[in-house]
Amino acid sequence: MADTQRKKVSPIDDTANGAARTARIVNTSAVVERLPVGVLVCNVTSANVIEALFVNHFAREVFSLQETTPLPCPLDTIWNSADNHVLSGQILEVFRTARDTTFEWSIRAGVIERFLSSHLMPLLDHEGNVFQVICTIEDQTAEKLAERNLLHHAFHDALTGQPNRVLFRNKLEEAVSDCQREGHQTGCAVLIINIDRFQQINESFGHSAGDRFLISMASTLRRCIRSSDTLARLSGDEFAILVSRFKDVEEVEMISRRVHAAMQQPYDLDGNEVFTSVSIGVATTLSSSTHPEDLIRDADFAMHRAKGAGKARTEIYHRDSHQRARSQFHLETELRRAVERSELELYYQPIIDLKTSELHGFEGLTRWFHKERGFVSPVEFIPLAEETGVIVNLGRWAIKAACLQIKSWLDEMGPEKAVPINVNVSGIQFARDNVASVVEKALEESGIDGRFLRIELTESAIMANPMRISESLQRIRKLGVKVALDDFGTGYSSLNYLHQFPIDVIKIDRSFINQLERGNAPYKILHMIGMLAASLGHEVVAEGLEDIDHIEMLRTLEFGFGQGFYFSKPIKGTEATQIVRGDLPWSK
C-alpha cells in the first residue's frame with residue numbers, strides 16, 4: 001500500500017504529468033530554424049575579426065550557404081567582403097556602443113541583387129559588456145523591386161519606355177542649374193518635336209499600328225541624339241529632346257538636321273511604307289528664359305510656328321515673335337469683351353450712283369477704337385476674329401446694328417429717303433452659324449423690309465463651303481435681301497459663280513481699279529464684265545475710287561455704282577444720317 005501511495009504522489013512516475021511537462025519544454029533551436037526571418041549570431045575575436053556563430057535556415061537561403069558550412073567561421077568566408085561591408089561596419093558599431101540599430105543593405109548573388117533589412121541587438125555579459133550580437137534579416141527584394149517598378153512607371157512613358165514629362169522637367173531643371181553655375185560658357189536647349197499628319201496614320205492603319213509607329217519613332221529619335229542628351233515622350237505624338245549642354249547653337253541645329261534627315265526614310269508599318277515628317281521648335285537658355293517651364297513653353301510655341309509655316313521644318317524661339325503672339329492673345333480677349341459689351345461701332349461708306357451722283361446705299365464697316373491702343377485696324381482684328389470664332393458674334397452684331405440704323409432712317413424720313421446697307425459676312429460665320437436665321441431675326445426685331453439690307457461675301461467664302469452657302473443665300477434672298485459678291489476680280493473662278501449662286505451685286509475689287517487705264521487689259525475686262533452683268537441683271541459697284549479719271553472711265557463703260565475715298569471715307573452713323581437727309585459732300 002505504501003508502494004502504491006508512493007506511486008500516486010510521485011510526479012516522475014506519473015505518466016500524464018510527464019507528458020504535460022514535456023509539452024512545456026520549448027526547443028528554441030528548432031523555433032529559430034523555422035522562423036521566416038533570418039537570424040545571425042556573431043561575436044568579435046581579439047583580432048577584431050567578426051565570426052558567425054549561428055546562421056538559421058532562412059539566413060542560409062538568403063546567403064546561399066550550404067548546410068555543411070562549418071560554424072563558427074569568419075564573416076568574410078560566408079560571402080564577399082565587398083557585399084558585407086555595411087553589415088560588418090554596423091556589427092562593430094554595436095559592439096562599441098552596445099546600442100540596437102536598424103538599417104538596410106543589399107548583397108549580390110550572381111546577377112541577382114537582394115535587398116535586406118536588419119536589426120542588431122547586443123547580448124551583454126554580467127559586467128555589461130557586449131559578447132555577442134544578434135542580427136535579424138528580412139528579405140525585402142520583392143517590395144523594393146515593386147517600388148522600383150512603380151517609380152519607373154511614374155517617370156517613364158508606358159508605351160515607348162522613354163522618360164515622361166515629369167522626369168524630363170526634372171532633368172531640365174538639373175541641366176539649367178548646371179548651366180547657371182558655369183555662367184554663360186554653356187547653355188542647354190529644349191527641342192519639342194511633333195509628328196506631322198500622325199492622325200492620318202491612326203485613321204489609315206488603326207491606333208495599334210499608330211502605337212507601333214510611335215515606338216519606332218522613339219527608337220529613331222534616340223539614334224539622333226548624343227548619349228548625354230535626354231529623349232522624352234510628352235504626349236500622344238509629341239516628343240522632346242533635352243540637349244543638356246552645348247557651347248554653340250550649331251550643335252543643337254545639327255541634332256535638328258539629323259532628325260529631319262532620319263524622317264526621310266520610310267517606316268515599315270505592317271508591310272506598308274509610311275513617310276512622315278516632323279515640326280520642331282527649339283528654345284535655349286541663350287534665347288529664352290532659364291526657367292524650365294518657360295523653356296518648354298517657348299519651344300512649344302516655336303514648334304507651332306513651324307507647323308504654321310508649312311511643317312517639316314525647325315523654328316528657333318525668338319522673344320519678339322512670342323511677344324507679338326502674346327499681344328495677339330490679349331487682343332483676342334479684349335475683342336471678345338468689346339463684342340460682348342457693344343464697344344464696337346459700325347461706320348458707313350457711301351455707295352454712289354455714278355450717273356446721277358446720288359446716294360445709292362452704304363457699306364457697313366466695323367470699327368474698333370480701343371480705350372488704350374486707339375484705332376485698331378480691321379486688317380488686324382478681323383483675321384483674329386475669324387481665327388478664334390469671335391467673328392460669329394461680331395457678324396451678328398453688325399447685322400443687327402445695320403438694321404437698327406436703317407430703322408432710325410425709316411422712322412425719320414420714310415422709305416422714300418432710306419437707303420440699303422451692305423453688311424460683310426465672313427465665310428467662317430456661314431460655316432459656324434445659321435446666317436439666314438440671324439438675318440430673319442434681325443429684320444423681324446427691327447421691323448424693316450429685307451430690301452434695305454444687303455449681304456456681302458467674298459469668293460473665298462463661297463469656295464470654302466459652296467453647298468451650305470448656296471442654301472443659305474437662297475433663304476436670304478427669299479427675305480428680299482440682296483446678295484453682293486465682294487472682291488470680284490481677285491479670284492480664279494468668279495465668272496462661274498455668277499450663274500451658280502444667287503448673286504445680285506458684283507463689287508469690283510480696288511486692286512483691279514488701280515490698274516485701270518484707257519484701252520489697257522483691265523479696261524477691256526471691265527467692259528466685258530459690265531456687259532455680262534447687264535445681261536444677267538446684276539448691279540456692278542467699283543470699289544476704291546480715288547481718282548476722277550477712273551470715275552470718268554467707269555462712266556464711259558456705263559458702270560452703275562462706285563464707292564471710295566473720292567466720295568467719302570467711312571463715317572459715323574450721325575454723319576451718314578446727314579447724307580441720307582440730302583447733304584451730299586461730294587456734290588459741293
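**Helices, salt bridges and loops in a predicted model**

User: Which residues of α12 are buried?

Analyst: The model is predicted, and a residue of it counts as buried when its relative accessible area is under 20%. In α12 this condition is met by Pro292, Leu295, Ile296, Asp298, Ala299, Phe301, Ala302, Met303 and Ala306.

User: How many Å does helix α12 reach from its first C-alpha to its last?

Analyst: Helix α12 covers residues 292-308, a run of 17 residues. At 1.5 Å a residue, a span of 24 Å is expected. The model comes close to that expectation, with a reach of 25 Å.

User: Which residue with a positive phi follows α12?

Analyst: After α12 the backbone takes a phi near 120°. The residue that carries this positive value is glycine 310.

User: What is the phi of alanine 312, a residue other than glycine?

Analyst: Alanine 312 belongs to the loop between α12 and β13 (314-316). Its relative accessible area is 44%, so alanine 312 counts as partly exposed. Although the residue is not a glycine, its phi is positive, near 55°.

User: Where is alanine 98 found?

Analyst: Alanine 98 is a residue other than glycine with a positive phi, near 60°. With 34% relative accessibility, alanine 98 is partly exposed. Its place is the loop between α6 (81-97) and β4.

User: Is the peptide bond from leucine 71 to proline 72 cis or trans?

Analyst: Proline 72 sits in the loop between α4 (57-63) and β3 (73-74). Omega of the bond that joins leucine 71 to proline 72 is near -5°. The peptide bond is therefore one within the definition of the record of this model as cis.

User: How many salt bridges does a search of the whole structure find?

Analyst: One of the pairs is lysine 144 with glutamate 104, whose closest N and O atoms are 3.3 Å apart. Another joins the side chains of glutamate 445 and lysine 441. The search of the whole structure gives a total of 27.User: How many residues apart in sequence are the parts that lysine 144 and glutamate 104 tie together?

Analyst: A salt bridge joins lysine 144 to glutamate 104. Lysine 144 is in helix α7 and glutamate 104 in strand β4 (residues 101-109), so the pair ties together parts whose separation in sequence, in residues, is 40.

User: In which helix do glutamate 445 and lysine 441 both lie?

Analyst: The side chains of glutamate 445 and lysine 441 meet in a salt bridge, with 4.0 Å from N to O. Glutamate 445 is exposed at 52% relative accessibility, and lysine 441 is exposed at 51%. The two residues are four places apart, about one turn of the helix that holds both, α17.

User: Is lysine 507 buried or exposed?

Analyst: Lysine 507, in strand β20 (residues 505-508), forms a salt bridge of 3.4 Å with glutamate 543. Because the relative accessible area of lysine 507 is 0%, this residue is buried.

User: Which residues do salt bridges that share partners join into one network?

Analyst: The side chains of glutamate 543 and lysine 507 meet in a salt bridge. This pair links distant parts of the chain, 36 residues apart, with glutamate 543 in the loop between β21 (539-542) and α23 (548-556). Through shared partners, salt bridges build one network from Glu363, Glu456, Lys507 and Glu543.

User: Which side chain does a polar contact of 3.1 Å join to that of aspartate 157?

Analyst: Aspartate 157 lies in the loop between α7 (141-155) and α8 (165-181), and is buried with a relative accessible area of 15%. Leaving aside residues up to four places away in sequence, aspartate 157 touches Gln162, Pro163, Asn164 and Arg233. The polar contact of 3.1 Å is made with the side chain of arginine 233.

User: How far apart in space are isoleucine 134 and isoleucine 91, C-alpha to C-alpha?

Analyst: Isoleucine 134 is in strand β6 (residues 130-139) and is partly exposed, with a relative accessible area of 22%. Among the residues that isoleucine 134 touches are Val39, Leu40, Val41 and His119. Isoleucine 91 is 43 residues away in sequence, and the distance in space is 9.2 Å.

User: What accessible area do Val26, Val31 and Leu35 have together?

Analyst: Leucine 35 lies in the loop between α3 (28-34) and β1 (38-44), and at 35% relative accessibility leucine 35 is partly exposed. With Val26 and Val31, Leu35 forms a nonpolar patch on the surface. The accessible area of the three together is about 250 Å².

Methods. Residues numbered from 1 in each chain as written. Predicted model: local features only at pLDDT ≥ 70, side-chain atom pairs only at ≥ 80, totals over all residues. Heavy atoms only, no water. Patch = residues over 30% accessible without salt bridge, like charges linked within 9 Å, V, L, I, M, F, W, Y side chains within 5 Å. Areas by Shrake-Rupley, 256 points an atom, 1.4 Å probe, with all protein chains shown as cover. Buried < 20%, exposed > 50% of the residue type's maximum accessible area, 1.4 Å probe, protein only. Polar contact = N/O pair within 3.5 Å; in protein donor to acceptor, adjacent residues only side chain to side chain. Contact = heavy atoms within 4.5 Å. Expected span 1.5 Å × (residues − 1).
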